[in-house]
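Let's take a walk through this structure together. Have a look at the sequence and the 3D picture, and then we'll go piece by piece.

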Amino acid sequence: MTDATCDVVRECAADFALGALTGRERAELLAHLDHCASCQTLVGEYAGVADALLDLVPEADPPRELGPPVLAALRPAPIRRWRHRVVTLAAAAIVAISTATGVTWALVAGGGSGSSQHAALHSAAMVGSGGLTVGRVVSTGDEPPKLAVSVDYWVADGSYQLAALDRKGTSVPVGTLQVSGGRGTWTGRAGSVDHPVAVALVDQSGSVVCRGRLA
Amino acid sequence: MIEVALMPTGTADRHAAITVVTDVSGVIPPTAFLVVLAVRKLTDEAVLAGFGVGDVEAGNELVRRFGRRVYGVAITVTRDARLAEDVAQEAFVRAWRHAETFDPRRGSVASWLSVITRNFAIDTMRAQPRSELVDPDDLDWLSPPAQEPNPADVALRASDSEWLRGALDDVPDEQRRAVVLAGVLGFTAEEVADREGIPVGTAKSRIRLAMDKLRRAHVATEAAR
(Lines give C-alpha, C1' and ligand atoms only; values in the text may rest on other atoms or scores of the structure.)
Protein backbone atom coordinates (compact mmCIF):
# COMPACT_ATOMS: atom_id res chain seq x y z
CA MET A 1 0.00 0.00 0.00
CA THR A 2 1.38 3.41 -0.94
CA ASP A 3 1.31 6.37 1.34
CA ALA A 4 -0.58 9.48 0.21
CA THR A 5 1.29 12.79 0.04
CA CYS A 6 0.30 15.96 1.88
CA ASP A 7 -0.99 17.40 -1.41
CA VAL A 8 -3.22 14.39 -1.96
CA VAL A 9 -4.53 14.57 1.61
CA ARG A 10 -5.32 18.25 1.23
CA GLU A 11 -7.29 17.45 -1.90
CA CYS A 12 -9.15 14.49 -0.38
CA ALA A 13 -9.58 15.54 3.25
CA ALA A 14 -13.13 16.80 2.78
CA ASP A 15 -14.18 13.61 0.99
CA PHE A 16 -12.52 11.57 3.73
CA ALA A 17 -14.48 13.40 6.41
CA LEU A 18 -17.71 12.82 4.49
CA GLY A 19 -16.93 9.12 4.10
CA ALA A 20 -16.79 9.44 0.32
CA LEU A 21 -13.41 7.77 -0.33
CA THR A 22 -12.96 4.22 -1.55
CA GLY A 23 -11.45 1.69 0.84
CA ARG A 24 -8.07 1.89 -0.90
CA GLU A 25 -8.00 5.69 -0.90
CA ARG A 26 -9.00 5.70 2.74
CA ALA A 27 -6.25 3.25 3.67
CA GLU A 28 -3.60 5.31 1.85
CA LEU A 29 -4.75 8.48 3.55
CA LEU A 30 -4.78 6.83 6.98
CA ALA A 31 -1.25 5.55 6.42
CA HIS A 32 -0.12 9.12 5.78
CA LEU A 33 -1.97 10.45 8.82
CA ASP A 34 -0.03 8.05 11.02
CA HIS A 35 3.05 10.22 10.69
CA CYS A 36 1.84 13.67 9.59
CA ALA A 37 0.56 15.90 12.38
CA SER A 38 -0.41 18.81 10.13
CA CYS A 39 -2.58 16.59 7.96
CA GLN A 40 -4.12 15.08 11.09
CA THR A 41 -5.13 18.58 12.13
CA LEU A 42 -6.60 19.36 8.72
CA VAL A 43 -8.61 16.13 8.58
CA GLY A 44 -9.78 16.73 12.15
CA GLU A 45 -11.10 20.14 11.15
CA TYR A 46 -13.05 18.68 8.24
CA ALA A 47 -14.37 15.92 10.48
CA GLY A 48 -15.60 18.59 12.89
CA VAL A 49 -17.61 20.13 10.05
CA ALA A 50 -19.04 16.79 8.98
CA ASP A 51 -20.17 16.08 12.55
CA ALA A 52 -21.58 19.57 12.95
CA LEU A 53 -23.75 19.17 9.85
CA LEU A 54 -25.62 16.44 11.71
CA ASP A 55 -26.11 18.76 14.68
CA LEU A 56 -28.42 20.83 12.50
CA VAL A 57 -30.77 17.93 11.91
CA PRO A 58 -33.86 18.48 14.09
CA GLU A 59 -34.72 16.04 16.83
CA ALA A 60 -37.97 14.13 16.42
CA ASP A 61 -40.21 11.99 18.58
CA PRO A 62 -40.17 8.34 17.57
CA PRO A 63 -43.65 6.84 17.18
CA ARG A 64 -42.93 4.35 19.96
CA GLU A 65 -40.46 4.12 22.80
CA LEU A 66 -37.02 3.04 21.56
CA GLY A 67 -35.77 1.77 24.91
CA PRO A 68 -37.62 -1.58 25.23
CA PRO A 69 -36.78 -2.89 21.74
CA VAL A 70 -33.16 -1.74 22.05
CA LEU A 71 -32.70 -3.53 25.35
CA ALA A 72 -34.57 -6.57 24.06
CA ALA A 73 -32.13 -6.74 21.14
CA LEU A 74 -29.26 -7.09 23.60
CA ARG A 75 -30.74 -10.17 25.29
CA PRO A 76 -29.36 -12.87 22.97
CA ALA A 77 -25.81 -11.64 23.56
CA PRO A 78 -23.73 -13.26 26.31
CA ILE A 79 -23.28 -10.04 28.21
CA ARG A 80 -26.99 -9.45 28.32
CA ARG A 81 -27.58 -13.02 29.57
CA TRP A 82 -25.29 -12.73 32.52
CA ARG A 83 -26.62 -9.31 33.21
CA HIS A 84 -30.14 -10.72 33.32
CA ARG A 85 -29.00 -13.44 35.69
CA VAL A 86 -27.31 -10.94 37.95
CA VAL A 87 -30.42 -8.81 38.03
CA THR A 88 -32.61 -11.81 38.75
CA LEU A 89 -30.48 -13.47 41.38
CA ALA A 90 -28.72 -10.63 42.98
CA ALA A 91 -30.89 -7.55 42.60
CA ALA A 92 -28.02 -5.62 41.14
CA ALA A 93 -27.70 -2.06 42.29
CA ILE A 94 -25.97 0.80 40.66
CA VAL A 95 -23.53 2.69 42.77
CA ALA A 96 -22.13 5.92 41.53
CA ILE A 97 -19.11 7.44 43.09
CA SER A 98 -18.82 11.15 42.75
CA THR A 99 -15.87 13.33 43.47
CA ALA A 100 -15.38 17.01 43.41
CA THR A 101 -14.20 16.93 39.84
CA GLY A 102 -16.29 14.30 38.18
CA VAL A 103 -18.33 11.18 38.32
CA THR A 104 -17.48 7.53 38.06
CA TRP A 105 -20.05 4.83 38.06
CA ALA A 106 -20.03 1.15 38.56
CA LEU A 107 -22.33 -1.80 38.58
CA VAL A 108 -22.25 -3.72 41.79
CA ALA A 109 -24.05 -7.02 42.20
CA GLY A 110 -25.52 -7.78 45.58
CA GLY A 111 -24.94 -11.08 47.35
CA GLY A 112 -25.61 -14.47 45.79
CA SER A 113 -24.40 -14.03 42.27
CA GLY A 114 -25.05 -17.65 41.33
CA SER A 115 -22.75 -20.51 40.47
CA SER A 116 -21.92 -19.62 36.90
CA GLN A 117 -18.75 -17.70 36.32
CA HIS A 118 -20.67 -15.67 33.77
CA ALA A 119 -22.82 -14.34 36.58
CA ALA A 120 -19.79 -12.73 38.22
CA LEU A 121 -19.51 -9.00 37.89
CA HIS A 122 -16.53 -7.45 39.60
CA SER A 123 -16.19 -3.86 40.59
CA ALA A 124 -13.28 -2.21 42.33
CA ALA A 125 -11.95 1.22 43.11
CA MET A 126 -8.98 2.49 41.15
CA VAL A 127 -6.65 3.41 43.97
CA GLY A 128 -3.77 5.82 43.64
CA SER A 129 -1.00 7.03 45.88
CA GLY A 130 -1.81 6.98 49.60
CA GLY A 131 -4.93 4.88 49.12
CA LEU A 132 -6.74 7.66 47.31
CA THR A 133 -9.77 6.53 45.31
CA VAL A 134 -9.39 8.09 41.87
CA GLY A 135 -11.83 6.09 39.77
CA ARG A 136 -13.52 2.77 39.18
CA VAL A 137 -13.08 -0.45 37.21
CA VAL A 138 -15.86 -2.86 36.34
CA SER A 139 -15.16 -6.30 34.90
CA THR A 140 -17.64 -8.67 33.29
CA GLY A 141 -17.50 -12.38 34.01
CA ASP A 142 -16.70 -13.73 30.55
CA GLU A 143 -13.25 -14.70 29.21
CA PRO A 144 -11.49 -12.48 28.55
CA PRO A 145 -13.69 -10.06 30.45
CA LYS A 146 -14.84 -6.72 29.18
CA LEU A 147 -13.51 -3.88 31.29
CA ALA A 148 -14.88 -0.42 31.94
CA VAL A 149 -12.33 1.86 33.56
CA SER A 150 -12.90 5.45 34.49
CA VAL A 151 -10.89 7.96 36.44
CA ASP A 152 -12.28 11.28 37.55
CA TYR A 153 -10.09 12.55 40.30
CA TRP A 154 -6.45 13.44 40.95
CA VAL A 155 -4.97 11.90 37.79
CA ALA A 156 -3.24 14.53 35.65
CA ASP A 157 -4.36 15.08 32.07
CA GLY A 158 -2.49 12.97 29.57
CA SER A 159 -2.29 9.60 27.88
CA TYR A 160 -1.94 6.49 30.02
CA GLN A 161 -1.48 2.84 29.20
CA LEU A 162 -3.92 0.40 30.76
CA ALA A 163 -2.45 -2.93 31.75
CA ALA A 164 -4.20 -6.09 32.92
CA LEU A 165 -2.32 -8.28 35.40
CA ASP A 166 -2.81 -12.03 35.48
CA ARG A 167 -2.38 -14.37 38.46
CA LYS A 168 1.31 -14.83 37.72
CA GLY A 169 1.86 -11.11 37.94
CA THR A 170 2.37 -10.72 34.21
CA SER A 171 1.29 -7.31 32.92
CA VAL A 172 -0.37 -7.12 29.51
CA PRO A 173 -1.20 -3.79 27.82
CA VAL A 174 -4.90 -3.70 26.88
CA GLY A 175 -5.45 -0.12 25.77
CA THR A 176 -4.84 3.57 26.20
CA LEU A 177 -6.86 5.80 28.47
CA GLN A 178 -6.83 9.52 27.77
CA VAL A 179 -7.44 11.82 30.73
CA SER A 180 -8.75 15.22 29.73
CA GLY A 181 -10.11 17.83 32.08
CA GLY A 182 -9.42 15.47 34.95
CA ARG A 183 -11.58 12.68 33.57
CA GLY A 184 -11.22 9.71 31.30
CA THR A 185 -13.03 6.49 30.44
CA TRP A 186 -12.04 3.36 28.56
CA THR A 187 -13.91 0.17 27.74
CA GLY A 188 -12.58 -2.88 26.02
CA ARG A 189 -11.56 -6.50 26.36
CA ALA A 190 -8.74 -7.59 28.66
CA GLY A 191 -6.70 -8.82 25.70
CA SER A 192 -5.14 -12.20 26.28
CA VAL A 193 -5.71 -12.10 30.03
CA ASP A 194 -8.69 -14.37 30.70
CA HIS A 195 -8.71 -13.80 34.45
CA PRO A 196 -7.21 -10.41 35.31
CA VAL A 197 -6.61 -9.93 39.00
CA ALA A 198 -5.89 -6.24 38.65
CA VAL A 199 -5.92 -3.35 36.23
CA ALA A 200 -3.25 -0.68 36.37
CA LEU A 201 -2.96 2.77 34.85
CA VAL A 202 0.63 3.40 33.79
CA ASP A 203 2.08 6.79 32.87
CA GLN A 204 4.59 7.58 30.13
CA SER A 205 7.55 6.90 32.44
CA GLY A 206 6.26 3.42 33.25
CA SER A 207 5.10 4.26 36.77
CA VAL A 208 1.80 2.86 38.03
CA VAL A 209 -0.48 5.81 38.74
CA CYS A 210 -3.39 3.83 40.17
CA ARG A 211 -4.57 0.27 40.35
CA GLY A 212 -7.86 -1.59 40.73
CA ARG A 213 -7.82 -5.06 42.29
CA LEU A 214 -10.40 -7.40 40.79
CA ALA A 215 -9.46 -10.52 42.75
CA MET B 1 -9.34 11.40 51.51
CA ILE B 2 -11.82 8.70 50.57
CA GLU B 3 -15.11 8.97 48.80
CA VAL B 4 -18.42 7.40 49.71
CA ALA B 5 -21.41 7.79 47.45
CA LEU B 6 -25.10 7.19 47.76
CA MET B 7 -27.52 6.79 44.92
CA PRO B 8 -31.21 5.89 44.71
CA THR B 9 -31.55 2.34 43.38
CA GLY B 10 -32.33 2.15 39.70
CA THR B 11 -31.50 5.73 38.97
CA ALA B 12 -28.63 6.31 36.59
CA ASP B 13 -29.30 9.98 36.26
CA ARG B 14 -28.77 11.89 39.46
CA HIS B 15 -27.28 10.99 42.77
CA ALA B 16 -26.09 12.56 45.97
CA ALA B 17 -22.48 12.19 46.95
CA ILE B 18 -20.77 12.52 50.28
CA THR B 19 -17.06 12.96 50.77
CA VAL B 20 -15.52 11.68 53.97
CA VAL B 21 -12.23 13.22 55.01
CA THR B 22 -9.91 11.00 57.05
CA ASP B 23 -6.64 11.60 58.79
CA VAL B 24 -3.44 9.85 57.73
CA SER B 25 -4.33 6.69 59.67
CA GLY B 26 -7.65 6.45 57.88
CA VAL B 27 -9.75 7.33 60.92
CA ILE B 28 -12.94 9.12 60.06
CA PRO B 29 -13.05 12.40 61.95
CA PRO B 30 -16.15 13.94 63.54
CA THR B 31 -19.21 14.20 61.38
CA ALA B 32 -18.55 17.89 60.94
CA PHE B 33 -16.10 16.83 58.26
CA LEU B 34 -18.77 15.16 56.20
CA VAL B 35 -19.36 17.30 53.18
CA VAL B 36 -22.28 16.85 50.87
CA LEU B 37 -20.86 17.75 47.52
CA ALA B 38 -23.62 17.96 44.99
CA VAL B 39 -26.32 16.25 43.06
CA ARG B 40 -24.74 15.83 39.69
CA LYS B 41 -25.64 14.39 36.39
CA LEU B 42 -23.64 11.47 35.07
CA THR B 43 -21.64 12.39 32.02
CA ASP B 44 -22.71 11.09 28.62
CA GLU B 45 -19.38 9.25 28.40
CA ALA B 46 -20.04 7.44 31.69
CA VAL B 47 -23.54 6.43 30.57
CA LEU B 48 -22.14 5.10 27.28
CA ALA B 49 -19.42 3.16 29.12
CA GLY B 50 -22.06 1.56 31.34
CA PHE B 51 -24.19 0.69 28.31
CA GLY B 52 -21.12 -0.81 26.68
CA VAL B 53 -20.72 -3.37 29.44
CA GLY B 54 -24.40 -4.30 29.13
CA ASP B 55 -26.09 -2.35 31.88
CA VAL B 56 -29.83 -2.00 31.41
CA GLU B 57 -30.15 1.22 33.40
CA ALA B 58 -27.42 2.82 31.32
CA GLY B 59 -29.18 1.67 28.15
CA ASN B 60 -32.42 3.26 29.24
CA GLU B 61 -30.65 6.46 30.17
CA LEU B 62 -28.77 6.64 26.86
CA VAL B 63 -31.99 6.19 24.91
CA ARG B 64 -33.73 8.77 27.09
CA ARG B 65 -31.00 11.32 26.41
CA PHE B 66 -30.44 10.69 22.73
CA GLY B 67 -33.52 8.88 21.39
CA ARG B 68 -35.05 11.99 19.81
CA ARG B 69 -31.75 12.99 18.27
CA VAL B 70 -31.05 9.55 16.83
CA TYR B 71 -34.59 9.22 15.50
CA GLY B 72 -34.34 12.74 14.06
CA VAL B 73 -31.31 11.77 11.99
CA ALA B 74 -32.95 8.50 10.96
CA ILE B 75 -36.19 10.10 9.78
CA THR B 76 -34.31 12.90 7.98
CA VAL B 77 -32.34 10.40 5.91
CA THR B 78 -35.03 7.76 5.37
CA ARG B 79 -38.22 9.87 5.29
CA ASP B 80 -40.06 6.74 6.38
CA ALA B 81 -41.31 6.49 9.98
CA ARG B 82 -41.26 2.69 10.14
CA LEU B 83 -37.84 2.44 8.58
CA ALA B 84 -36.52 5.26 10.75
CA GLU B 85 -37.67 3.46 13.87
CA ASP B 86 -35.79 0.33 12.82
CA VAL B 87 -32.70 2.37 11.96
CA ALA B 88 -32.77 4.19 15.31
CA GLN B 89 -33.06 0.93 17.24
CA GLU B 90 -30.23 -0.65 15.29
CA ALA B 91 -28.10 2.46 15.80
CA PHE B 92 -28.34 2.03 19.57
CA VAL B 93 -27.54 -1.68 19.30
CA ARG B 94 -24.46 -0.79 17.23
CA ALA B 95 -23.51 1.80 19.83
CA TRP B 96 -23.65 -0.93 22.46
CA ARG B 97 -21.47 -3.26 20.35
CA HIS B 98 -18.90 -0.58 19.60
CA ALA B 99 -19.00 1.54 22.77
CA GLU B 100 -15.38 0.66 23.46
CA THR B 101 -14.30 2.41 20.27
CA PHE B 102 -15.76 5.75 21.36
CA ASP B 103 -13.01 8.33 21.74
CA PRO B 104 -14.07 11.55 23.52
CA ARG B 105 -11.16 13.41 21.92
CA ARG B 106 -12.82 13.04 18.55
CA GLY B 107 -16.24 14.37 19.50
CA SER B 108 -19.22 14.10 21.77
CA VAL B 109 -21.38 11.06 22.41
CA ALA B 110 -24.20 12.89 20.66
CA SER B 111 -22.15 13.38 17.49
CA TRP B 112 -20.86 9.80 17.62
CA LEU B 113 -24.41 8.45 17.83
CA SER B 114 -25.53 10.75 15.03
CA VAL B 115 -22.75 9.50 12.74
CA ILE B 116 -23.60 5.86 13.53
CA THR B 117 -27.24 6.56 12.78
CA ARG B 118 -26.56 8.43 9.56
CA ASN B 119 -24.20 5.77 8.27
CA PHE B 120 -26.61 2.94 8.99
CA ALA B 121 -29.53 4.91 7.54
CA ILE B 122 -27.50 5.54 4.38
CA ASP B 123 -26.59 1.86 4.13
CA THR B 124 -30.25 0.99 4.50
CA MET B 125 -31.29 3.49 1.87
CA ARG B 126 -28.76 2.25 -0.67
CA ALA B 127 -31.34 -0.26 -1.82
CA GLN B 128 -33.98 2.45 -2.19
CA PRO B 129 -34.48 4.57 -5.32
CA ARG B 130 -32.92 7.98 -4.76
CA SER B 131 -36.14 9.66 -5.87
CA GLU B 132 -37.64 8.66 -2.55
CA LEU B 133 -35.13 10.75 -0.67
CA VAL B 134 -35.89 14.21 0.57
CA ASP B 135 -35.31 17.17 -1.68
CA PRO B 136 -32.56 19.23 -0.03
CA ASP B 137 -34.40 22.39 -1.07
CA ASP B 138 -37.07 21.32 1.39
CA LEU B 139 -34.67 20.96 4.31
CA ASP B 140 -36.21 23.70 6.40
CA TRP B 141 -34.05 22.64 9.35
CA LEU B 142 -31.18 24.49 7.73
CA SER B 143 -32.86 27.65 8.99
CA PRO B 144 -33.19 28.31 12.73
CA PRO B 145 -36.39 26.71 14.04
CA ALA B 146 -39.27 29.05 14.79
CA GLN B 147 -40.29 27.08 17.84
CA GLU B 148 -38.73 24.28 19.89
CA PRO B 149 -40.34 22.29 22.67
CA ASN B 150 -37.40 22.29 25.04
CA PRO B 151 -35.75 25.68 25.74
CA ALA B 152 -32.75 24.05 27.41
CA ASP B 153 -32.06 21.90 24.37
CA VAL B 154 -32.49 24.88 22.11
CA ALA B 155 -29.95 26.94 24.04
CA LEU B 156 -27.42 24.12 24.11
CA ARG B 157 -27.75 23.14 20.50
CA ALA B 158 -27.90 26.70 19.24
CA SER B 159 -24.56 27.46 20.86
CA ASP B 160 -23.08 24.35 19.24
CA SER B 161 -24.38 24.93 15.74
CA GLU B 162 -24.97 28.65 15.35
CA TRP B 163 -21.60 29.14 13.68
CA LEU B 164 -22.55 26.54 11.10
CA ARG B 165 -25.89 28.13 10.30
CA GLY B 166 -24.11 31.44 9.78
CA ALA B 167 -21.42 29.84 7.65
CA LEU B 168 -23.97 28.00 5.50
CA ASP B 169 -25.73 31.30 4.84
CA ASP B 170 -22.51 32.51 3.22
CA VAL B 171 -22.19 29.45 0.98
CA PRO B 172 -23.75 29.68 -2.51
CA ASP B 173 -27.00 27.73 -2.82
CA GLU B 174 -25.64 25.13 -5.22
CA GLN B 175 -22.68 24.39 -2.94
CA ARG B 176 -24.92 24.27 0.10
CA ARG B 177 -27.20 21.72 -1.56
CA ALA B 178 -24.22 19.64 -2.58
CA VAL B 179 -22.67 19.55 0.87
CA VAL B 180 -25.99 18.73 2.57
CA LEU B 181 -26.69 15.95 0.09
CA ALA B 182 -23.23 14.49 0.70
CA GLY B 183 -22.79 15.24 4.39
CA VAL B 184 -26.22 14.48 5.77
CA LEU B 185 -28.00 12.32 3.22
CA GLY B 186 -24.93 10.37 2.13
CA PHE B 187 -25.02 11.08 -1.59
CA THR B 188 -21.88 10.24 -3.51
CA ALA B 189 -20.45 12.86 -5.87
CA GLU B 190 -21.90 10.85 -8.77
CA GLU B 191 -25.35 10.91 -7.18
CA VAL B 192 -25.09 14.64 -6.50
CA ALA B 193 -24.12 15.12 -10.16
CA ASP B 194 -27.09 13.03 -11.31
CA ARG B 195 -29.55 14.92 -9.17
CA GLU B 196 -28.20 18.36 -10.04
CA GLY B 197 -27.66 17.60 -13.73
CA ILE B 198 -23.99 18.57 -13.61
CA PRO B 199 -20.67 16.81 -14.37
CA VAL B 200 -19.20 14.70 -11.57
CA GLY B 201 -16.16 16.96 -11.41
CA THR B 202 -18.39 19.96 -10.80
CA ALA B 203 -20.25 18.11 -8.06
CA LYS B 204 -16.94 17.26 -6.36
CA SER B 205 -15.80 20.86 -6.63
CA ARG B 206 -19.01 22.16 -5.09
CA ILE B 207 -18.75 19.74 -2.17
CA ARG B 208 -15.10 20.54 -1.54
CA LEU B 209 -15.55 24.31 -1.86
CA ALA B 210 -18.43 24.26 0.61
CA MET B 211 -16.55 22.01 3.02
CA ASP B 212 -13.52 24.28 2.87
CA LYS B 213 -15.60 27.39 3.65
CA LEU B 214 -17.28 25.61 6.54
CA ARG B 215 -13.92 24.35 7.81
CA ARG B 216 -12.51 27.86 7.85
CA ALA B 217 -15.56 29.09 9.76
CA HIS B 218 -15.17 26.16 12.18
CA VAL B 219 -11.50 26.99 12.80
CA ALA B 220 -12.30 30.67 13.33
CA THR B 221 -15.05 29.77 15.79
CA GLU B 222 -12.80 27.43 17.75
CA ALA B 223 -10.05 30.07 17.87
CA ALA B 224 -12.49 32.64 19.24
CA ARG B 225 -13.61 30.36 22.10
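What follows is a short tour of some strands, some helices and one residue. Keep in mind that this is a predicted model.

Let's begin in chain A with strand S4, which covers residues 133-139. Is this strand enclosed or not enclosed by the rest of the structure? Seven of its seven residues are buried, so S4(A) is largely enclosed by the rest of the structure. Now look at the partners of S4(A). Strand S3 of chain A (residues 122-128) pairs with S4(A) in the antiparallel sense, over six bridges. If you want a spot to find on screen, try Val127(A), whose bridge partner in S4(A) is Thr133(A). Strand S5 of chain A (residues 146-151) also runs antiparallel to S4(A), and five bridges join the two. Here you can pick out Arg136(A), which has Ser150(A) as its bridge partner in S5(A). S4(A) and S5(A) form a hairpin, and six residues sit between them.

Next, hop over to chain B and find two helices: H3 (residues 81-97) and H4 (residues 109-125). They pack at an angle of about 130°, and their axes are 9 Å apart. That angle makes H3(B) oblique to H4(B). The crossing of H3(B) past H4(B) is right-handed. Which residues meet there? On the H3(B) side they include Leu83(B), Val87(B) and Ala91(B), while on the H4(B) side Ile116(B) and Phe120(B) are among them. Sort the residues of this contact by class and you get nine nonpolar, two polar and two charged.

Stay in helix H4 of chain B for a moment, because there's a residue to zoom in on. It's Arg118(B). Buried or exposed, what is Arg118(B)? It counts as buried, because it has 27 C-beta neighbours inside 10 Å, and 20 or more is enough for that label. Arg118(B) touches Val73(B), Val77(B), Val184(B) and Gly186(B), as well as Leu54(A) over in the other chain, leaving out residues up to four places away in sequence. Take Val73(B): it is 45 residues from Arg118(B) along the chain, yet their C-alpha atoms are separated by 6.3 Å.

Finally, here's a helix pair that links the chains. Helix H3 of chain A (residues 37-55) and helix H8 of chain B (residues 200-224) cross at roughly 100°, with axes that come within 9 Å. H3(A) and H8(B) are therefore roughly perpendicular to each other. Among the residues making the contact are Tyr46(A) and Val49(A) from H3(A), and Leu214(B) and His218(B) from H8(B). By class, this contact has six nonpolar, two polar and two charged residues.

Note on methods. Residues are numbered from 1 along each chain as its sequence is written. Chains are lettered from A and ligands numbered from 1 in the order in which they are written. This is a predicted model: local features need pLDDT of at least 70, side-chain atom pairs count only at pLDDT 80 or more; totals for chains, interfaces and linings use all residues. Axes are lines fitted to C-alpha atoms, for helices over the stretch in contact, and angles run from 0 to 180 degrees between N-to-C directions. Helices (H or I, at least four residues) and strands (E, at least two) are DSSP runs, numbered from the N terminus. Angles under 35 degrees count as roughly parallel, over 145 as roughly antiparallel, 65 to 115 as roughly perpendicular and the rest as oblique. A crossing is left-handed if the near helix is turned anticlockwise from the far one by less than a right angle, and right-handed if clockwise. Two residues are in contact if their C-beta atoms, placed from the backbone, lie within 7 Å. Ala, Val, Leu, Ile, Met, Phe, Trp, Tyr, Cys and Pro count as nonpolar, Asp, Glu, Lys and Arg as charged, and the others, Gly among them, as polar. A residue is buried if 20 or more other C-beta atoms lie within 10 Å of its own, exposed if 12 or fewer, and partly exposed in between; C-beta atoms are placed from the backbone. Two strands pair if DSSP finds at least two bridges between them.
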